[in-house]
Amino acid sequence: MDILTQTQQYLAFAWWLALCLSVLIYVALDGADLGAGIFSLFVRDEDERGAIMSAMAGTWDANETWLMVAGGILFGTFPFIYGSTFSYLLVPLALALWGIMSRAIALEFRHLADGRHKAVADLAFGLGSLVTTFFGAMAIGAVLQGFALTNTPGEVPTYVGGAFSFITPFSIWVGVASVVAVLMGGLLFVRARFEHGEAIRVQAARWTNPLFFLALAAVSITLIWTGTIFPWAHARWFGSSTWIFGLLLIATLFCVFKSRRASQKDHDLAAVLWFDATAVVMGVALMATMYPWIVPNTWTIYSGASPSISLVTFTLTMGGFIPVIIAYNVYQIWVFRDRVSKFAAYSHH
Amino acid sequence: MSSENDLSNLLPRLDFAWITTLHIVYPPLTIGLAVILFYAEWRWMRTNDEKWYRLCRFFERLFIVNFGAGVATGVTMEMAFGILYGRFSQAAGPFFGQVLGYETITAFMYEAGFLGLMVFGWGKIGKRMHLFATFNVALASCLSVFWILDANSWMQSPNGVVFRNGYFQVTNWVAAILNPNFFTAFPHMLIACFELSVCFVAAVSAWYLLKQRHVELFQRALKYSVGALLVIAPVQIYLGDAVGQDVGKLQPASLAAMEGHYHTTLPDGQSNTGWHILAWPNSGGDGNAWAITIPHALSVIETHTWNAPVTGLDDIPAQDRPPVAIPFYSFRVMAGIGGFLLLVALWGTWLAATGRLSVRSVASNKWFLRAVVLSGFLPYIAVWTGWWTREIGRQPWLVYGMMRTSEGVSHMSVFEGVFWLLGFVVFELAVLTGSFYYLCVIVKRGPDLTRPLPGEEHEPTEVEAEALLRRTATPAAPQLV
C-alpha cells in the first residue's frame, strides 16, 4: 500500500529510526534486568535474590516504559503492521505478557511478603524473566521469518494463518540464544550493582567466563543461520555493500573484546557499557540488513506506515517529549546509582 | 447479521472485556490519589504540620502497590488491541493508534519517570523538587485520562475521518480529537477517578477510626474526604446526566437499551414516556417480559420535558440493536451508587456540622463509619458497570455507525480465544488478589510515625530502613497474617 507522500516517506523513515531506538534502549536497559532475573533462579540465598530485585527497584519500571514506547510507535505510526503482526504472534506474546506480569507482581510485592510468600515471589520473578525473554525473542525470530497476508481488494492486508505458524526451528533457536545472551548481560549487571566481596557478586563473576563463550557461540550460530536461510540477509551481506557489514562485524568484535577485558579487570561499569555497545552495533547491523523491511517479505516501512502521519505530530512527539523523557531517565539513573549490598534487601521506602 | 453473536466474535470481545475490566480497577485510584498526595504534600510544605506528612507517606505506600498492579495489567492493554482486534487496529490505527501512542509518551512515560523520583526520592532530592515530582505524577496521570477517553469517545462518535480502502483516513485532526462525545465522557471519567480515590481514602480512614487507631491522624483524612465528596458527588451526578443526554443524541440505540425502551410510541399513538425502574427483556427480544414503570419519567430524565418522544429500539433496524439486559442493569447499578455516595457525603456533612466528626467523638459514629468503609468499594463497581454500559450499549458497532465489531476482530481460533482467556483469568486474578492482600497488609501495619522528617534529620538509608522494618515487623507478624 504505497500511498504516502514524499514528506510522509521521510517521516515514516524517521519514525522507524525512533522505533528501533526504543527497542534497542529497551533491550539494553531491561535486558540486564531480565538477565539478572534469570540468574536469580540459580541463586540459593533468599536475601541475595531479594537484593537482586532491590538493585533494580528504582529503575525497572522506567526501563519497561521503553517497551511501551515501542508499542505506542508501532500502533500509532505502523498500524497495518501492528494489527497483523500481533495477531500472528498471539500465543508467544500472551506467554511473554504473563511473564511480564509475574515479574511485575514479584517486584512490587516481595518486600511486603513473608516466609513462604517470599519464595513464591522469587520463583515468579525468575521464571517470569525467563519466560519473557524466551517468548519475546521467539516472537522476534518469528517476525524475521515473515508471514502470509490476505489480499482482498478494498481491505487492509491482514493475517489469517492460525495460532502456531510462529513455531519453527529458527524461532525456537532465537529464543534459546537470547536467553543465553541476556543472562550474560544480567551477570555483568549484578557485578556492577553489588559491592565487591558480596557472595552474589563472586558467584556472578565465576559464571561470567563460561557464559561469555556460550553467548558468543549462541550469537554466532544465530548469525550464520540467518545468513543461510534468509535470502534478504544473504543478499545484503554479500552484495555491493559487503564492506559496511564487514566494518560492523569488526566493530561488534571490538566491543565484545573491550567488554571482556573490562570484566576481567573488574571494571564493571565499563563491561556493562561495552556489552550494551555490542548489542547496539548488532542492532544497527540488523536494521541495515532488514531495511526497508520491518517484517521481511511482508511489510516495509513504507507499506506499513499510517497514511495520516504528519510533520506536526512527529515534531510534537520527537521535539517535545522524547528529549524530556531521556533527560529525566538519565537524572533518575544518576540519583539511584549507588551500589547495593545484600542487607539492603528489597524495600520500598 | 447473525455473525454478531458467533463464537469468533464473542471470544475476542470476552477476552478484551476481561483484561479491560481487570485493568480499570487500578488507574482511577492512581489518578485520583496522585492528586490527593500532591495536596497533602503541599499542605505539609505550607503548614509544616507533621500529620500531613505522615498521611502523605502512608497513602503513598498504598499508591505504590496500586500503581504496580496498574503497570502489570497495563502492558497487556497496549498489545491487546493488535492481538485481539487486529483488523480494527489496522483500520483505526491512523487515528486511534496515534492517540494511544500519545498516551504512552505524554502520560505513561512522563508519569513513570517522575514516579521513581516521588517514591524513592524522599531525602535524596530537595523538598521543592520532590513536590514538583509529585505534581508531575498527578498531572501526567490526568493527561492519560484525557488521551484514553479521547480514543474511546472517538469510537462512540467518530468524527474527522473518512473510511476508504479499508481504513480510517484522518481528514481533520481537531474534529477527530475534539469529537462530540469527548466533552461529556472525559469529565465524567476524570471526576469518577477523583470520587473513587476520595472514597478510598475515606474508607481506609474510617476503618482506622472504627478500630480506634491513629484517631487524630485519620480524623483529618476523613474530614477532608467527606468535604471533597460533598462537592464531587453532585458534580458527578450532573455530569452523568449530561452523558445520558449526549448518548440520547449521538446513540439513540444505546440509550434505548440502557432504559429497556422498546417502543417509541404506544399502540394508542401517544409517545411512550414511561421509565422502567426494573424490567426484563422478553424471549423474542422485542419488548419487556415485565417492567415496573413510572409514566413521563423517561421524557423528564432524557429530554428534560414532560412528553417529548424518546427513540425506542423499534425505530432502530434489527441488525443495529444492542443487547438490553446488561446495559439496563449496569446503568442502574452505577447511577444508584452515585446517589448513595451523595447521601453518605450529606450524612457526613451533617455530622460535621453538628460537631460529631471531631477527634473526640468521631469514632462513636459506628454506622456512619461502616457506611464509609462500604463506600470505598462501591465506586469500583460503579466504574465497572459504567464501562459495561458504555461498551455494550455501542454494540454491534465497534466504531459507531462506521465499523462493526465483526469487522474489527482478529481472525482467531476458538483455541486462541480460550487460551488467552484462561491464562489471563489466572494472572489478572493473581494481580487482583495480590494487590488487595498487600493493601490490607499495609493498612493493618499502619502508618510509620517514627521515621524522622526529611530535612530534620537524615532520611534513613535503605539498610537502616530495612533493619527498622524488621525490628518493628517481627513481633507484629502473627497478627498480620
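**Exercise 1. A phenylalanine in chain A**

In which helix of chain A is A:Phe134 found? Once you have that, work out whether A:Phe134 is buried or exposed, and which residues A:Phe134 touches.

*Solution.* A quick word first: this is a predicted model.

- Step 1: place the residue. A:Phe134 is found in helix H6 of chain A, which takes in residues 115–145.
- Step 2: count neighbours. There are 22 other C-beta atoms within 10 Å of A:Phe134. The cut-off for buried is 20 or more, so A:Phe134 is buried.
- Step 3: look for partners further along the chain. Skipping residues up to four places away in sequence, A:Phe134 touches A:Gly175 and A:Val179.
- Step 4: check a C-alpha distance. A:Val176 is 42 residues from A:Phe134 along the chain, yet their C-alpha atoms are separated by 6.4 Å.

**Exercise 2. The same drill in chain B**

Find the helix that holds B:Ala382, then decide whether B:Ala382 is buried or exposed.

*Solution.*

- Step 1: B:Ala382 sits in helix H12 of chain B, residues 366–394.
- Step 2: the count for B:Ala382 is 25 other C-beta atoms within 10 Å, so the residue is buried.
- Step 3: with neighbours within four places in sequence left out, the contacts of B:Ala382 are B:Met334, B:Ile337 and B:Gly338.
- Step 4: B:Ser330 is 52 residues from B:Ala382 in sequence, and the C-alpha to C-alpha separation is 8.3 Å.

**Exercise 3. Helix lengths**

Do the rise-per-residue arithmetic for H10 of chain A, then list the residues of H10(A) that are buried and what covers them.

*Solution.*

- Step 1: H10(A) runs over residues 242–264, so 23 residues at 1.5 Å each should span 33 Å. Remember to multiply by one less than the number of residues.
- Step 2: compare. The end C-alpha atoms of H10(A) are 33 Å apart, which agrees.
- Step 3: pick out the buried residues of H10(A): A:Thr252, A:Cys255, A:Val256, A:Ser259 and A:Ser263.
- Step 4: find the cover. It includes helix H7 (169–193), helix H8 (199–229) and helix H11 (268–290) of chain A.
- Step 5: try H3(A) for practice. Its 18 residues reach 26 Å from first C-alpha to last, close to the 26 Å expected. H3(A) is mostly covered, with 17 of its 18 residues buried.

**Exercise 4. Two packed helices**

Describe how H1 (residues 6–40) and H11 of chain A pack.

*Solution.*

- Step 1: get the geometry. The angle between H1(A) and H11(A) is about 150°, and their axes lie 10 Å apart.
- Step 2: classify. An angle over 145 degrees counts as roughly antiparallel, so that is the label for H1(A) and H11(A).
- Step 3: give the hand. H1(A) and H11(A) make a right-handed crossing.
- Step 4: name the residues. H1(A) brings A:Cys20, A:Leu24, A:Val27 and A:Ala28 to the contact, while H11(A) brings A:Asp276, A:Ala279, A:Val280, A:Gly283 and A:Met287.
- Step 5: sort them. The contact has seven nonpolar, one polar and one charged residues.

**Exercise 5. Backbone oddities**

Track down two cis peptide bonds and two positive phi angles.

*Solution.*

- Step 1: recall the usual case. Most residues other than glycine have a negative phi, and most peptide bonds are trans.
- Step 2: in chain A, the bond from A:Tyr291 to A:Pro292 is cis, with omega near 0°. A:Pro292 belongs to the loop between H11 and strand S1 (293–295) of chain A.
- Step 3: in chain B, B:Gln395 and B:Pro396 are joined by a cis bond with omega about 0°. B:Pro396 belongs to the loop between H12 and strand S5 (397–399) of chain B.
- Step 4: A:Asp266 is not a glycine, but its phi is positive, about 65°. A:Asp266 is in the loop between H10 and H11 of chain A, and 13 other C-beta atoms within 10 Å make A:Asp266 partly exposed.
- Step 5: B:His214 is not a glycine either, and its phi is about 45°. Its place is the loop between H7 (182–210) and H8 (215–250) of chain B. With 19 other C-beta atoms within 10 Å, B:His214 is partly exposed.

**Exercise 6. Where the chains meet**

Summarise the side of chain A that touches chain B.

*Solution.*

- Step 1: count. The contact involves 59 residues of chain A and 64 residues of chain B.
- Step 2: find the contributors. H3 (60–77), H4 (79–88), H5 (90–109) and H12 (311–335) of chain A each supply at least two residues.
- Step 3: rank. H5(A) gives the largest share, twelve residues.
- Step 4: sort by class. This side of chain A has 34 nonpolar, 21 polar and four charged residues.

Definitions and conventions:
Residues are numbered from 1 along each chain as its sequence is written. Chains are lettered from A and ligands numbered from 1 in the order in which they are written. This is a predicted model: local features need pLDDT of at least 70, side-chain atom pairs count only at pLDDT 80 or more; totals for chains, interfaces and linings use all residues. Two residues are in contact if their C-beta atoms, placed from the backbone, lie within 7 Å. Helices (H or I, at least four residues) and strands (E, at least two) are DSSP runs, numbered from the N terminus. Ala, Val, Leu, Ile, Met, Phe, Trp, Tyr, Cys and Pro count as nonpolar, Asp, Glu, Lys and Arg as charged, and the others, Gly among them, as polar. A residue is buried if 20 or more other C-beta atoms lie within 10 Å of its own, exposed if 12 or fewer, and partly exposed in between; C-beta atoms are placed from the backbone. Axes are lines fitted to C-alpha atoms, for helices over the stretch in contact, and angles run from 0 to 180 degrees between N-to-C directions. Angles under 35 degrees count as roughly parallel, over 145 as roughly antiparallel, 65 to 115 as roughly perpendicular and the rest as oblique. A crossing is left-handed if the near helix is turned anticlockwise from the far one by less than a right angle, and right-handed if clockwise.
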